[in-house]
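Here is a short tour of one protein model. Take a look at the sequence and the fold before reading on.

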Amino acid sequence: LYEMPMHGFARNYAWDVLESKTTKDSATARLRLADSDRTRSQYPFGFHLQVEYSVDRCGLQIHYQVAAHSDNRWAMPFSIGNHITFRLPLLEASSAEETRFQTNLPQEYMLDSRRVFTGRTRSSRYTGKQPVGGLPHRKAISLGGDVDRPSVTVLDPSGFSVTLSHLVPEGVPATTVLFNLWADLDEGFFSPEPWIGAQNSLNSGYGLVSLPPGGTWDWRIRIQPSTLKSCETKP
């Protein structure tokens, strides 16, 4: 038995900066976390976890790569997510109460009283443009479904918007949460959190990615403001 902290252990460690560079038009930072005696006391696998953040005229791109050591005795199970959060309203002169969101995910994943995924889904109650204030206060809404690029767009009442999307890699299980929506209108924030996984996944098995010894796995996230129309077709 291994004790896993809430939201995993990777966020609690210092990451090595492999590269940091800027040009006139872009900025990039690449970081890496590797297994150690400390991580193996919580997670008994050898791994490298690398992330690259790249900002350019088309927005922010985030690229994660997970690599399993070739000497691992078993396939390495994991899930991954990012607690990306937007301050509301997006623009100072706007209204948080009038901020809406829109998503292309058709399924809502049912959670029990502990906010853990039960394995059951239903048609999403959050289709079309929805008020952020209509989400339950600080309680996750978990969404998924069969889409290649799940997305959530935050719609400021001024007409400005920001779209957050990610690419679902091949082999991801059908019972996978692809976004968690988390909001607190009083505090003025909205977290459309991209995910590949499910709550309590290491115990339940729902949403887990299984990476064989020596394997690698890539995940890409994009954040794009609506002002960048010329970048809509960029992969």
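## Contacts around Trp217

Two residues are in contact when heavy atoms of theirs lie within 4.5 Å. The model shown here is predicted. Leaving out residues up to four places away in sequence, Trp217 touches Tyr64, Gln65, Val66, Phe78 and Ile80. Trp217 also touches Pro169, Val172, Ile196, Val209 and Leu211.

## Nonpolar cores

Where does Trp217 belong? It sits in the largest nonpolar core, which has 46 residues. Four of these touch the most other members: Met76, Leu135, Phe190 and Trp217. A second core stands separate, with six residues. Among them are Tyr109, Leu111, Phe117 and Val177.

There is a general pattern to keep in mind. In soluble globular proteins, nonpolar side chains tend to be buried together.

## The largest pocket

What is the volume of the largest pocket? It is about 1600 Å³. The lining of this pocket is made up of 50 residues. Pro5, Met6, His7, Gly8 and Ser79 lie nearest its centre. By class, the lining has 29 nonpolar, 15 polar and six charged residues.

Several elements each supply at least two lining residues. They are the strands β3 (47-56), β4 (59-68), β5 (76-78), β6 (80-81), β15 (177-184) and β16 (189-197), plus the helix α2 (201-204). Which element gives the largest share of the lining? That is β16, with five residues.

## Asn180 in strand β15

Strand β15 also holds Asn180. Is Asn180 buried or exposed? Its relative accessible area is 3%, so Asn180 is buried, the cut-off being under 20%.

The side chain of Asn180 makes a polar contact of 3.5 Å with the side chain of Gln199. Neighbours within four places in sequence aside, Asn180 is in contact with Ala140, Ile141 and Ser142. Its other contacts on that count are Ser191, Pro192, Glu193, Trp195 and Gln199.

## Met110 in strand β9

Met110 lies in strand β9, which covers residues 107-111. Its relative accessibility is 17%, so Met110 counts as buried; the cut-off is again under 20%.

What does Met110 contact, beyond its neighbours within four places in sequence? The list is Val116, Phe117, Thr118, Arg120, Thr121 and Arg122. One of these, Phe117, is included in the second core. Ile141, a contact of Asn180, can also be placed relative to Met110. Met110 and Ile141 are 31 residues apart in sequence. In space, their C-alpha atoms are 8.5 Å apart.

Methods. Residues are numbered from 1 along each chain as its sequence is written. This is a predicted model: local features need pLDDT of at least 70, side-chain atom pairs count only at pLDDT 80 or more; totals for chains, interfaces and linings use all residues. Side-chain values use heavy atoms; hydrogens and water are left out. On a 1 Å grid over the protein atoms alone, a cavity is a set of points where a 1.4 Å probe fits but cannot get out, and a pocket is an open set with protein on both sides within 12 Å along at least five of seven lines; lining residues have an atom within 4 Å of a point. Grid points are joined across faces, edges and corners, and a volume is the space filled by probe spheres set on the points. Helices (H or I, at least four residues) and strands (E, at least two) are DSSP runs, numbered from the N terminus. Ala, Val, Leu, Ile, Met, Phe, Trp, Tyr, Cys and Pro count as nonpolar, Asp, Glu, Lys and Arg as charged, and the others, Gly among them, as polar. A nonpolar core is a set of buried Ala, Val, Leu, Ile, Met, Phe, Trp, Tyr and Cys residues joined through side-chain atoms within 4.5 Å. Buried means under 20% relative accessible area, exposed over 50%, partly exposed in between (1.4 Å probe, protein chains only). A polar contact is a pair of N or O atoms within 3.5 Å; within protein, one must be able to donate a hydrogen and the other to accept it, and residues adjacent in sequence count only if both atoms are side-chain atoms.
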